[in-house]
Amino acid sequence: MKTKKLISLVLCSATLLALLAGCGGGEVSKKPSNDEDSKANEISLDRDNTLIYGAESMDSQFNPVLGSMHFGDLLFRGLMTTDENCQPQCDIATSYKISDDLLEYTFKIRDDVLFHDGTKLTIEDVIFTLKSVIDEKINSSQRDGFLQIENVEKVDDTSLRITLNEPFPALLDKLTIGIIPEHCFEGKDFNTADFNMEPVGCGPYKFVSYETDSKLVLTRFNDFYGDTAKIENIVCLCLPDYNVRALQLSTGEIDLAYIEPSQVEELEANKDTTVYKIDTADYRCVMFNFGATDLFDDVKVRQALCYATDRKAVVDSIVHGYGVAAYSPLQLNKFNNDSVEKYDYNLDKAKSLLDEAGWTDSDGDSIRDKNGEKLAFTLTTPVSDEVRVNIATYLVSEWKKLGIDCKVDALDWSAIDITKCEAFVLGWGSPFDADNDTYRLFCTTGTDNYGLYSNDTVDETLKKARITSDKGERAGHYAEFQEALAKDPAYDFICYLTALYCANTRVSGIKTTKILGHHGAGVFWNIEEWELN
Amino acid sequence: MTKYIIKRILQSVFILFVMSIIAFALINAAPGDPAAAIYGGQMDKLTQAERERINTNLGLDRPLATRYYNWLSEMLGGRMGYSYENGKSVNQIITERMPNTLLLFAVSFFLTVIISMVVGLWAGRHPYSALDRGITITSIVINGIPSVLVAIILIFLFSVKLGWLPSSGTSSIFATGAADRIKHLVISVLTVVLSHVSSFSRFIQEGLKEELSSYYVTVARANHVSNRDIYMGVMKNSLVPFINYAGSHVPSFFSGFVVVETVFAYPGLGSMIVGAIPIKDYPVLMGGILITGIVVISSMLAVDLIDLALNPKLRRAVER
């Protein structure tokens, strides 16, 4: 009798719970639809017409001025775009003129560009976008790429003029930033506007819905001014664990994801998946911080450290062969100078350099010293990046053979201040203009010169390369720059990384010819050619 | 009686106020930087100048007391501020995430109570049986395993190896509806239930055994009172401390969610708080801590009131 009561009680509760679970909380943020486009917002979402991308992390917001995101070039387009060879080409701009002193750029724009909400893109939107990036009050992570912009002004309804405070060849690359509609921000605080979670762009795909930290749904924008995309819907799922991503790729639950080098073999063997190995301009290096310690002031010490780096071993064992030994920041650039010193692995040379510099083991504790000071420093690395941590650990053991006492400090990014680290495992590299990631790193006054590196020849050649538009002249300056940098290293260059993407065989159109950016960014560059079979 | 309730409510408000001050001070003392969230994967590019600019924009260069006062005055007006990470309104974030956590809590708490009652009562009635001993041992073993490990083992078993259940989130892309939502809940609920059910059932089991060995039970048996009546009385008596026990464990359920939601990528309050900590997202953190605090303190107040309702001795003590 009691058991019956108990069982019936349990059954009642179970039904109740099932009902409760059925109607859940609303976590989906949908675009506010009015009567006109409520029909347009109804999309047909099924497995056959949807490309599912497994991302390591979800973007926290969708405003290109505030920060970069996975699908920036799907949702938004800019004045310029970069082609297969990473050269800037006109996109929303139809043409541009550069003044002789390289300080004034005048752009003409198309008049047939529509935003996803149906409104026309005007010159005011372009001006608003650029002014917002340089606005001090706006929490943008893109701002430091636009610091050379002095003023942006309207010339007429289809043209604008950008005035710089110093020549900046990389400006055209920077102007790929997505244009945002001014009317979405009227009367709103830019940093907290609804737009940031419900974006309206002019790219080939428009925003449908976003479920916090879970999934993002995009659908094709049929009024796109360029080639209409072939794939109807794109969904981005948040799958932080790389094992889960590989598993879902092999079962066909997702169509595309960034994978780890250790998973390539297994996924290549699977007949339903293809692995794409794409070169990137993303390199890893050790930065010497001249401001935090004077150990690196002697160039021989730095050269010794470079000679004691077995780049091949790093490429083979840490990134499982998916990388290239690095010796220059412009290796994949057309201005590369490959006749510079590459510091091929040579322990004996490293040891003799240190002896020459006066660092010997005078007290027999197997650590070199000089005038009572030990050759010891800390190598800091972000703990969340496995490759960097492995590189740091490896280098410490290699440099120990030289008699150097180097300790690894693996910290969370939020606790790292690179300017205070004696040495840091840094990542840089841009596939675009050579000025992009050189001037600001290696010039004495460079904004991202954390280690306070200073070399007169480097300063001179980088400045000269900026103020001329003649390709031959620039090539000469950059060749000189790389030579000077190799003789007086600012970094111990280690390796360039290869991006590894795995896609289901039903996805066609993915090309591996374009060099990608940091962590494989930019893989969707030819999305109009992608198809689902 | 009403005086007592009002006194308790005022006490709760005071506790929340003190808690908010301590939380604010702790967040301030911890390492972390909102600029890190805004820059995300481009941290190499974050210069000191930019870091300072962003911190100034967010008002983090003002003194601690000023910032707390600003937060408090806004909060009392119902505005919990905007996330430092993406400018989203904290009210909206919490409205989106709270139902998920409440659902998880309701389902797992309910199941824990029901299952532990069924199991505990049965074991209590059959002391020294295999089930009785089994529960005692299992409870000690499971309490020793951290819930993060339990969660990972369950995901590995049911999601990776068997493929029966999804490994994260609240709903699938294509299939929607009640069945899909329940599938997404199963592993999280199972983890939370497993962490608590053994100690809950052990509590009932021990309580029941103790009651059964008390004097009035012996007297009742001697007077040929039916087994059924004895058990009805004994159960009522042992359930009162159980309600206290269950109620006082509500905070531990919520602290457990922080782990389970993060492992399972479940968009609830727990994972929201965990995500906001390394970036020192004050508005989100304070909002999350406050909401959790309110839920926890209200549940303890509810437990006390249920106690009063069930226990005439307490009622008399309060009225005096």
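Which residues of H12(B) are buried? Select Leu269(B), Gly270(B), Ser271(B), Met272(B), Ile273(B), Gly275(B) and Ala276(B). Buried means that 20 or more other C-beta atoms, placed from the backbone, lie within 10 Å of the residue's own; 12 or fewer is exposed, and in between is partly exposed.

**Before going on**

This is a predicted model: local features need pLDDT of at least 70, side-chain atom pairs count only at pLDDT 80 or more, and totals for chains, interfaces and linings use all residues. Residues are numbered from 1 along each chain as its sequence is written, while chains are lettered from A and ligands numbered from 1 in the order in which they are written. The predictor gives the complex an ipTM of 0.78 and a pTM of 0.83. For chain B the mean pLDDT (the predictor's confidence in each residue, from 0 to 100) is 85. In chain B, 99% of residues reach 70 or more.

**Stop 1: helix H12 of chain B**

Stay on residues 269-276. Seven of the eight residues are buried, so H12(B) is largely enclosed by the rest of the structure. Now add helices H5 (90-125), H11 (250-264) and H13 (282-310) of chain B. The buried residues of H12(B) pack against these three. Helices here are DSSP runs of H or I, at least four residues; strands are runs of E, at least two; both are numbered from the N terminus.

**Stop 2: a sheet in chain A**

Select E5, E6, E8 and E7 of chain A, in that order across an open, antiparallel sheet. Two strands pair if DSSP finds at least two bridges between them. E5 and E7 (149-156) are the edges, each pairing on one side only. Neighbouring strands are turned by 20° on average, direction ignored.

Zoom in on E5(A) (residues 93-98) and E6(A) (residues 104-109), joined by five bridges. Ala93(A) stands opposite Ile109(A). Five residues separate the two strands of this hairpin. In the turn, Leu102(A) has a positive phi of about 60°.

At the other edge, six bridges link E7(A) to E8(A) (residues 159-164). Glu153(A) has Arg161(A) as its bridge partner.

Add helix H4(A), residues 123-134. H4(A) packs on the sheet, touching E6, E7 and E8 of chain A. Its direction makes about 170° with that of E7(A). Axes are lines fitted to C-alpha atoms, for helices over the stretch in contact; angles run from 0 to 180 degrees between N-to-C directions.

**Stop 3: where A meets B**

Show both chains. The contact takes 50 residues from chain A and 48 residues from chain B; contact means C-beta atoms, placed from the backbone, within 7 Å. On chain A, H1 (2-22), E11 (233-238), H6 (242-251) and E19 (423-428) each supply at least two residues. The largest share, eight residues, comes from H1(A).

How values were computed
Contact = placed C-beta atoms within 7 Å.
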